[in-house]
Structure formats: structure tokens, C-alpha cells
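Let's take a walk through the empty spaces in this protein and the helices around them. Keep the 3D view open as you read.

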Amino acid sequence: MEEELTTNERLNKETDIYTDFKKDMTYGDYLHLDTLLSSQHPLSDHHDETLFIIIHQVSELWMKLILHEVKAAIHSIQHQDIPYALKVLARVNNIQNQMIQGWDVLSTLTPKEYIEFRDLLGKSSGFQSYQYRMFEFALGYKTPHILSIYKEEKDVHEQLEQVFHAPSIYDVTIQAMKDAGLDINEELYTRDFSKTYAGDDSVKAAWKHVYLNSDTYWELYELAEKLVDVEDKFQQWRFRHMKTVERIIGFKKGTGGSSGVKYLKNVLEHSFFPELWELRTEM
């Protein structure tokens, strides 16, 4: 009781706390909490549908921030400001940690609970997340058939097309390696950036040189490790996604028409930055 009173006494001394907001912006105003907190609209009366909605909304917010940071990283690398790119990619890595932990929350949803409202989702699916696709595109995984999903959403389709045809973060990193004087296949600078990068021996040799001479190429060495961090966490996110889906719906087809767990397992095989993984075996 004495400790509680002491706490209250301390609070009572905070005489400068603002309480009149007739003319000033509040925390809720700044964050538009009235809009944010009223954006959950369950289609059923089932208690756990709110969990399902919020987890996916939070993931989309984190992905919005990831795209904001990856765009900044690409711009920084293009303008030879690798230290800033390292900073924002470290932030991306921490955001990804938050997203991975989100699956732990969703996995508390049991199969019995989910089937009670799953049919109400219709054909809507996380497979249709355009921000997730933009993240894949920004990392260099370009899948043209995916664009057809968004053909009825003009603004979204235009955003995706722009990232689809733009150089990925790995493409601009390869350019940075050339700018640093490393011997890179010239064809890589004029290639069609809408095609998924498949690897190149000159890039592998250049990365090996960077790693064996890290004192000379310290910034590129650090950038390589940050890219590995991002891919590592991305694949962890994909794996947790796959296992959460398997845990909740088994091997049923996804609501969006995908093969579900089978599809999620297949995408785990793709490497965004192949040479950075291959050189680990060769060194």
C-alpha cells in the first residue's frame, strides 16, 4: 500500500501533463486511431476471427515499412551511400523478426476454430498480398503470372509493374561491385530486370574476392552480410508461414486457389542472392 501511494504521489507531481486538446493534436489524431482501430470487420460472430484479421493487418503494416526501407536502401546503393543502406537494412532485419513472431500468435488458432469462419473468406487469400509481391520483386524474384491477379486494381497493378521492371536490390549491388573495380560480366548491366536473376560466375568470383579481402572492400562485405540477413529472415518467415498453414489447415488448397502447403514448400527452394550462399561452400 505504501508503494502504491508513493507511485500516486509521484503522478500527482506531474502538473505539466496536457489535458486540454481543444486546439491541439492528440496522439490518437496523429495516428488516426479512429480509422485504424475501426478497420476490423469480422464476417462471423466467431471470437477468433478478430485475431485472424489483426495478424494479417499488422503484417501488412510491417511490410509497408519494409518496402519504405528497401526502397531507401536501393536508392542509397545506387548513389554510393552504402553506410546508409546498411543502417536501413539492419532495420528491415528487425522488422522481419517481428513478422516471424506474428506466426506464433496466429498458430494459437486451432483447425476447429478456423473452419468455423474460413468459408466466409471466399477466394480472398494472403497469396494476393500485393505488398508481399512487391517485396519479392524488390529482392529480385520476378514472377510475371502474379501480375494478372491485380489486373482489376489499376493503381496496385501500376505500382507492381514499376517494381517488376526496376532493378532489384541485388542488381544495384552488382552495379556497386563493378563501380568498386571488380570484374563483373557486362551483360548483367543491360539485362532485362523483369527476369528473375539466376546467378553468374563473375559475380560469384567477385564476392569471393570481397570476402577474402574484406579490409579492402569492407562496405561491400558488410552489405553482403546484410543481404544474407534479409534473405535468411525472409526464408524463416516463409517457413513459419508454411508450418502455421500446415498446422491449421493441413494440406488443403488455399482459399486463393494455390496448392497451400505444397506451394509454400516450393518457394522455400528459391534463393534471392545465390552467389552469397554458394561461396560459403567454396571458401
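Below are notes on pockets, a cavity, one covered helix and one helix pair.

## Ground rules

This is a predicted model, where local features need pLDDT of at least 70 and side-chain atom pairs count only at pLDDT 80 or more, while totals for chains, interfaces and linings use all residues. Residues are numbered from 1 along each chain as its sequence is written, and side-chain values use heavy atoms, with hydrogens and water left out.

## The largest pocket

Start with the largest pocket, at about 1300 Å³. (A pocket is an open set of points on a 1 Å grid over the protein atoms alone, with protein on both sides within 12 Å along at least five of seven lines; a cavity is a set where a 1.4 Å probe fits but cannot get out; lining residues have an atom within 4 Å of a point. Points are joined across faces, edges and corners, and volume is the space filled by probe spheres set on them.)

The lining takes in 48 residues, with Phe-52, His-56, Ser-125, Gly-126 and Phe-127 nearest the centre. Two or more lining residues come from each of α3 (33-36), α4 (49-78), α5 (82-106), α7 (130-139), α11 (218-249) and α12 (261-267). (Helices are DSSP runs of H or I, at least four residues, numbered from the N terminus.) α4 chips in the most, with ten residues. By class, you get 23 nonpolar, 18 polar and seven charged residues. (Ala, Val, Leu, Ile, Met, Phe, Trp, Tyr, Cys and Pro count as nonpolar, Asp, Glu, Lys and Arg as charged, and the others, Gly among them, as polar.)

## The second pocket

The second largest pocket comes in at about 570 Å³. It has 18 lining residues, and Leu-67, Lys-71, Met-134, Gln-162 and Val-163 sit closest to its centre. α4, α7 and α8 (154-165) each give two or more residues to this lining. Once again α4 has the largest share, here seven residues. The class split is ten nonpolar, six polar and two charged.

## A small enclosed space

How many cavities of 30 Å³ or more are there? The count comes to one, with a volume of about 50 Å³. Its lining is Met-63, Gln-96, Met-99, Tyr-132, Phe-135, Lys-233, Phe-234 and Trp-237. α5, α7 and α11 each supply at least two of these residues, and α11 gives the most, with three. Six lining residues are nonpolar, one is polar and one is charged.

## The covered helix, α7

Is α7 mostly covered or mostly open? It is mostly covered, with nine of its ten residues buried (under 20% relative accessible area with a 1.4 Å probe, protein chains only). Among the buried ones are Arg-133 and Glu-136, as well as Tyr-132 and Phe-135. The cover includes α4, α5, α8, α9 (169-179), α11 and α12. Just after α7, Gly-140 takes a positive phi of about 110°.

## Where α10 meets α13

The axes of α10 (residues 201-212) and α13 (residues 274-282) come within 9 Å and cross at roughly 60°. (Axes are lines fitted to C-alpha atoms over the stretch in contact, and angles run from 0 to 180 degrees between N-to-C directions.) On the α10 side, Val-203, Lys-204, Trp-207, Lys-208 and Tyr-211 make the contact, meeting Glu-275, Leu-276, Glu-278, Leu-279, Arg-280 and Glu-282 of α13 (contact means heavy atoms within 4.5 Å). By class, this contact has five nonpolar, no polar and six charged residues.

Definitions and conventions. Buried means under 20% relative accessible area, exposed over 50%, partly exposed in between (1.4 Å probe, protein chains only).
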